[in-house]
Amino acid sequence: MLQPLDMLTKAGAVRLAPAAQDTASDEDILSVLNYALTLEHLENAFYRDGLASFTVDAFTALGFQPSVVDYIAEIGAHELAHVETLTAVITDLGGTPVAEGIYDFTAAYADATAFLATAMALENTGVGAYTGAAQYLIDNDDLLTAALTIHGVEARHAAYLNVLNDEDPFPDAFDEPLTPAEVVEIAGPFIVDAEVVTPLAAGGVGGDATPMAEDEEDEEAEATPAA
Amino acid sequence: MRPLHERLLSDVFQEQARRLSRRRLLAQSATVAAGGALAFSFLDAPGLLGGRTVSAQTTFADDVEVLNYALTLEHLEYAFYRDGLETFSDEDFGESPFGAPISERLTSIRDHEQAHVETLTTVITDLGGEPVEEAAYDFGYTDAISFLAVAQALENTGVSAYDGAGQFLENPDLLTAAGTIVAVEARHASYLNLLNGVLPFPAAVETPLTPDEVLAIAGPFIVTDPIATPEA
């Protein structure tokens, strides 16, 4: 597995300092990165704790090959790598990375079927979140590219989990971008206590524990991950 | 300076000679299809992948050039599936252990690529640009197995191409639109990896490729240049 520093190099995120001509402020950039980190923490905790609570038999009983567990573990490893990378990048930029929160996945861990359905919802939401937020990094080429390289992997996860859930891996010709408000609405029920950061450029909050409520009237994109 | 997509297409012939030959690419794709650990070995070739920031070796003059670069690849992908699905039947692809029949999934992918072609063509036209047209291609597949191997290579390359080019877009709305396409390409890539017995998500991050690197991979498939047109 890639170590954080390798990831940084690979993703081109080492030279992170916003260039002089950038128009977005450091606070704007950090809020976008912390928004991503907020979601990656949730995903990482979901897989880490979930995989610890299920045996391989729980999945083979559903008719899956044992290797499905290895694949899911690989997804979990990716989420951890994303957490570590984003944490390192935010720190390097002089920001304060959001910490992991306290989540409630009780319903998701009820059985392997619920776990896989929740994983699918989280991954498809993650893709939509990155698709919707990439625009806020448009002034920083390296960070944008780094975010896109994570975005693609989330989409790969989503497609695979759709298959496991007997859903179409690619239900439309175009993925749906989600606004931060839509993402918070979907992720909110899992959050017991966590700092939820959303992009300032989208009217979000940079460090408030209260989920933002901006854009709630924006109904152009219904928040419906294939769940 | 000519638009990038023109250079992309007319440079194909030199690239064809001195870089990856189709034969070699296919041989490596076949290795991928065989489920070997050499998955994406063509991407690991020295010089193709350095694990570094995509630099602007080839620069885009404006957003239209970036979109035409994307359209060049979408044309190639659409033609690939359109023609391949006319060539192979569901029986040729065999049983899928992953839900719907393979030909059904490939038909969806074909339709997506067609939608990407149509959308990019419209957007480029609306922006006052001239959309690049479909070229003639030779994908070199000989059976359904090698077809699926080429499909896998094309989709994974497509993701890397978009990831490498996204930074050159200046209009945030176009960037979001590109994001809605690249996510679907990544979904395609994931599924095709799965079909070919390769990990659907081989790394924690994608590998962004420069246009020159993408050209080295996709170029050998392009046999005619609709713009400059020297005969191959």
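Chain B shows about 8700 Å² of accessible surface, and carbon and sulfur atoms account for 51% of that. Keep in mind that this is a predicted model. Below is a quick tour of chain B's make-up, the charged pairs (8 salt bridges over all chains), a negative patch, and a glycine in chain A.

**Chain B at a glance**

- Chain B has 10 helices and 2 strands.
- Going along the sequence, those elements run α-α-α-α-α-α-α-β-α-α-α-β.
- Chain B is 232 residues long, and 60% of them count as buried.
- Take the chain B contacts between residues at least 6 apart in sequence: 84% of them bring together residues at least 24 apart.

**A salt bridge between the chains**

- Opposite charges on side chains can pair up when the charged atoms come close.
- Asp168(A) and Arg105(B) do this through their side chains, with 3.7 Å from N to O.
- This pair joins two chains, because Asp168(A) sits in the chain A loop between helix H6 (141-164) and helix H7 (180-187), while Arg105(B) belongs to helix H7 (residues 102-126) of chain B.
- Asp168(A) is partly exposed, at 25% relative accessible area.
- Arg105(B) has a relative accessibility of 8%, so this arginine counts as buried, the cut-off being under 20%.

**Salt bridges within chain B**

- Glu134(B) pairs with Arg82(B), and their closest N and O atoms are 2.8 Å apart.
- That pair ties together distant parts of the chain, 52 residues apart: Glu134(B) is in the loop between H7 and strand S1 (136-137), and Arg82(B) is in helix H5 (residues 63-87).
- Both partners are partly exposed: Glu134(B) has a relative accessible area of 29%, and Arg82(B) comes in at 22%.
- Asp111(B) and Arg110(B) make another salt bridge, with 3.1 Å between the closest N and O atoms.
- Here, too, the partners are partly exposed, with Asp111(B) at 34% relative accessibility and Arg110(B) at 24%.

**A salt-bridge network in chain A**

- Over in chain A, Arg48(A), Asp49(A) and Glu100(A) are joined into one network by salt bridges that share partners.

**A negative patch on chain B**

- Six names to look up on the surface of chain B: Asp90(B), Glu91(B), Asp92(B), Glu95(B), Glu104(B) and Asp143(B) form a negative patch.
- Helix H6 (residues 90-93) of chain B supplies the largest share of this patch, with 3 residues.
- Glu95(B), another patch member, is in the loop between H6 and H7.
- Glu95(B) counts as exposed because its relative accessibility is 79%, and the cut-off is over 50%.

**Gly101(A) and its contacts**

- Gly101(A) lies in the chain A loop between helix H4 (67-92) and strand S1 (102-103).
- With a relative accessibility of 15%, Gly101(A) counts as buried.
- Leaving out residues up to four places away in sequence, Gly101(A) touches Asp193(A) and Ala194(A).
- For Gly101(A) and Ala194(A), the C-alpha atoms are 4.1 Å apart, although the two residues are separated by 93 residues along the chain.

Technical notes:
Residues numbered from 1 in each chain as written. Chains lettered and ligands numbered in written order. Predicted model: local features only at pLDDT ≥ 70, side-chain atom pairs only at ≥ 80, totals over all residues. Heavy atoms only, no water. Salt bridge = Lys/Arg side-chain N within 4 Å of Asp/Glu carboxyl O. Helix = DSSP H or I, 4+ residues; strand = E, 2+ residues; numbered from the N terminus. Buried < 20%, exposed > 50% of the residue type's maximum accessible area, 1.4 Å probe, protein only. Patch = residues over 30% accessible without salt bridge, like charges linked within 9 Å, V, L, I, M, F, W, Y side chains within 5 Å. Areas by Shrake-Rupley, 256 points an atom, 1.4 Å probe, with all protein chains shown as cover. Lys, Arg positive; Asp, Glu negative; His and termini not counted. Charge placed at Lys NZ, Arg CZ, Asp CG, Glu CD. Contact = heavy atoms within 4.5 Å.
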